[in-house]
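Work through the exercises below with the sequence and the model open side by side. Each task is followed by a solution in steps.

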Amino acid sequence: PGMNSEGFTHIAEQIAKFGYQTIIYDQRGTGKTILDKIDSTTITMELMAQDIENLREELGIKKWVVFGQSFGGLMATYYFAKYPQSIEKIIFSASGGVNLDFMKYIGKRINQNLTTVQKDSIDFYQNKIDNGENTPENVQKRADILANAYVFDKKHASVIAKRLAQANFKINRLVMNDLQKIKFNYKNAFKENNTPVLVLQGENDIVSIETAKEIQNSFGNAKLVLFKKCGHYGWLDAKKQYLKTIKDFLNKI
């Protein structure tokens, strides 16, 4: 939460090559979706789900496939709970998924993917930012280091660093607070529903395989695919297999 849609342009273009219309959008308060004010009355899961449904109706789409990367998986879960009739299929990619259990371990797993020097450097720049030196340079330097935790192949870190530096942390905090407030938990909630679900998970992700399995087990018709030597972004670390898996899922009747 708090990131615009710019970072999804590449994966959207790749999926479009399969013959599908792909739609990316800026969540409220990010990118070109401007709000007059940003607070707990304007940033809620309820309103963000309604935004997605309004977009579907405006575009005249009867049913669509919802693709949720990372936090997008939580958003997809909540949207499905509210508007199940609008969804044909769901793709979860490196997702926190159906509850907030991932928050108990995510910080530890991020640290495990970083060296001691990298962790010390992040703390250094974070302290600067917390003490009022919230300059674009310090934010970017922190992001440059932190990005290494999200990818298996470190040559992709610069791509992720750009996204991390764009995050609106006020929106991020408001969304996470709202998730806590509404007691977000849909574990096993959709066992009787046969909507096709695909769960994509890197074996080296900051999100655990156990969380991916929990997502799979919460739906009645879900398939889990694991990728070796893959972090949080499958289209970077395991591009060929990742895209083929999506294509096969979309084309399956």
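The exercises treat strand pairing, burial and backbone angles in a predicted model.

**Exercise 1. Trace the pairing of β1 and β2.**

Task: Find which way β1 and β2 run relative to one another, and how many bridges join them.

Solution.
- Step 1. Strand β1 covers residues 64–69, and six bridges join this strand to β2.
- Step 2. The two strands run parallel. One of the pairs is Phe 67, whose bridge partner in β2 is Ile 91.
- Step 3. Between β1 and β2 the chain passes through helix α3 (residues 71–82), and the resulting β-α-β crossover is right-handed.

**Exercise 2. Continue from β2 to β4.**

Task: Which strand is joined to β2 by four bridges, and what is the sense of the pairing between β3 and β4?

Solution.
- Step 1. The strand is β3 (residues 197–202), which runs parallel to β2. Here Ser 93 stands opposite Leu 200 of β3.
- Step 2. β3 also pairs with β4, over six bridges and in the parallel sense. Val 197 has Ala 222 of β4 as its bridge partner.
- Step 3. The connection from β3 to β4 goes through helix α9 (residues 209–217), again as a β-α-β crossover, and this crossover is right-handed.
- Step 4. Return to β2: this strand is bridged to β1 and to β3. Six of the seven residues of β2 are buried.

**Exercise 3. Compare two backbone angles.**

Task: Ala 94 has a positive phi, and so has Lys 229. Is each residue buried or exposed?

Solution.
- Step 1. Most residues other than glycine have a negative phi. Phi of Ala 94 is near 50°, and phi of Lys 229 is near 50°.
- Step 2. Place Ala 94 in the loop between β2 (87–93) and α4 (106–112). Lys 229 belongs to the loop between β4 (222–227) and α10 (234–237).
- Step 3. Apply the cut-offs: buried is under 20% relative accessible area and exposed is over 50%. Ala 94 counts as buried because its relative accessibility is 4%. Lys 229 is exposed because its relative accessible area is 57%.

**Exercise 4. Classify a helix residue.**

Task: Decide whether Gln 14 is buried or exposed, and say which residues it touches beyond four places in sequence.

Solution.
- Step 1. Gln 14 lies in helix α1, residues 9–16.
- Step 2. The relative accessibility of Gln 14 is 14%, so this residue counts as buried.
- Step 3. With residues up to four places away in sequence set aside, Gln 14 touches Lys 239 and Leu 243.

Key:
Residues are numbered from 1 along each chain as its sequence is written. This is a predicted model: local features need pLDDT of at least 70, side-chain atom pairs count only at pLDDT 80 or more; totals for chains, interfaces and linings use all residues. Side-chain values use heavy atoms; hydrogens and water are left out. Buried means under 20% relative accessible area, exposed over 50%, partly exposed in between (1.4 Å probe, protein chains only). Contact means heavy atoms within 4.5 Å. Two strands pair if DSSP finds at least two bridges between them. A crossover is right-handed if, with the strands pointing away from the viewer, the path from the first strand over the helix to the second runs clockwise.
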